[in-house]
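This report looks at one part of a protein chain and then at the chain as a whole. Keep the structure in view while reading.

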Amino acid sequence: TWHLKKIPQIVRERTFSLDSPKFEAKTQLELNSVCGIECQRKLPVPSLSDLKSLLSYETVFENGTRTLTEVNVLGAVPDAAANTTTRRPLRKKRQIYGTDSRFSIYDKRFMTNFPFNTAVKISTGCSGILVSPKHVLTAAHCLHNGKDYVKGSKRLRVGLMKTKSRGNGRKRKGTSDGMPSFQWTRVKSTHIPKGWFKGVSGDIALDYDYAVLELKRPHKRKYMELGISPTIKMMPGSMIHFSGFDNDRSGQLVYRFCSISDESNDLFYQYCDAEPGSTGSGIYLRLKEPNKKKWKRKIIAVYSGHQWVDINGEQQDYNVAVRITPLKYAQICFWIHGNDENCTQG
């Protein structure tokens, strides 16, 4: 069941103008980090002043101007100590673990219907998910490498899926049935948390690898609501689901599901088969609504992608997702609605 949680308040304090970014960084679809699972568990719990700094955010507008908004955090309760689950043995470097368990979605009845139609393509090479009629959730590193905004993010666009056919339904020459094409929409503004630029550990802050894009024009599709990420124990079979546009299956929507292996306060570690391009996909669960018989899907994490880390002097890899904690829920909800009135219950 989805459990309602009291959500902290994110309150805007001051907004400053910043210099325009250079937009010269290279897009990196895989990240190198020194802070692995054990390191993440040992990170100090952020103080209130840390949280105010980490949850302050940059906004970049389509004309290249940039602002920094400082926030206050009200009603925040520090997260409990991280949960620990079974340790997995060290693995070799790979992104498809054993048998490839991904599904390419070809049938346009599925592709153009919920939940698959919520998946979008980002023009920098990542994926994202629709979270309102005008907003897309994706990974921060699809837009910013920790120092500068990536090339192409100045004229950022989002591709919404449509199946290739003419108005009368006839197939175009040379196109295969079920291959999606995209209706591209310009992005009006982008929000990235300041925590992404420098985390508590001083390393690239995987905990804050998320961003929200505001579209120039609203769409009329069904989008997916946000949810608070439950612990592994509270998930049916510990299973998560996500769809994105993996680079090795060009033009196809790729769906997968798998169980989560481990967790820290802010991250899920899982070995869902995924290739670059699916980064930024919304990870969702299907749970029952409280006091109702209805099942509902909600986004509970953002797929951050394949990470390399040093563990005991060896390079090890895992796939990581950024959990939507009550604080992150409050921030993303605030970006979507512009106030915290709609964000009191997660």
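How many bridges join strand β13 to β14, and in which sense do the two strands run? Six bridges link them, and the two strands run antiparallel. The model is a predicted one, and the values below are computed from it.

Strand β13 covers residues 239-244, while β14 covers residues 253-263. One pair of bridge partners can be picked out here: I240 is matched with C258 in β14.

Strand β14 also pairs with β15, a strand made of residues 267-270. Three bridges hold this pairing, and its sense is antiparallel. Here D262 has Y269 in β15 as its bridge partner. The connection from β14 to β15 is a hairpin of three residues.

The two pairings of β14 are set side by side below.

| Pairing | Sense | Bridges | A bridge pair |
|---|---|---|---|
| β13 and β14 | antiparallel | six bridges | I240 and C258 |
| β14 and β15 | antiparallel | three bridges | D262 and Y269 |

Is β14 mostly covered or mostly open? The strand is mostly covered, with nine of its 11 residues buried.

Now to the whole chain. The protein chain has 346 residues, and 54% of them count as buried. Its secondary structure comprises four helices and 18 strands. Among contacts with a separation of 6 or more, 74% are between residues 24 or more positions apart. The exposed area of the protein chain is about 16,300 Å², and 49% of that area comes from carbon and sulfur atoms.

Terms used. Residues numbered from 1 in each chain as written. Predicted model: local features only at pLDDT ≥ 70, side-chain atom pairs only at ≥ 80, totals over all residues. Heavy atoms only, no water. Buried < 20%, exposed > 50% of the residue type's maximum accessible area, 1.4 Å probe, protein only. Pairing = 2+ DSSP bridges. Contact = heavy atoms within 4.5 Å. Areas by Shrake-Rupley, 256 points an atom, 1.4 Å probe, with all protein chains shown as cover.
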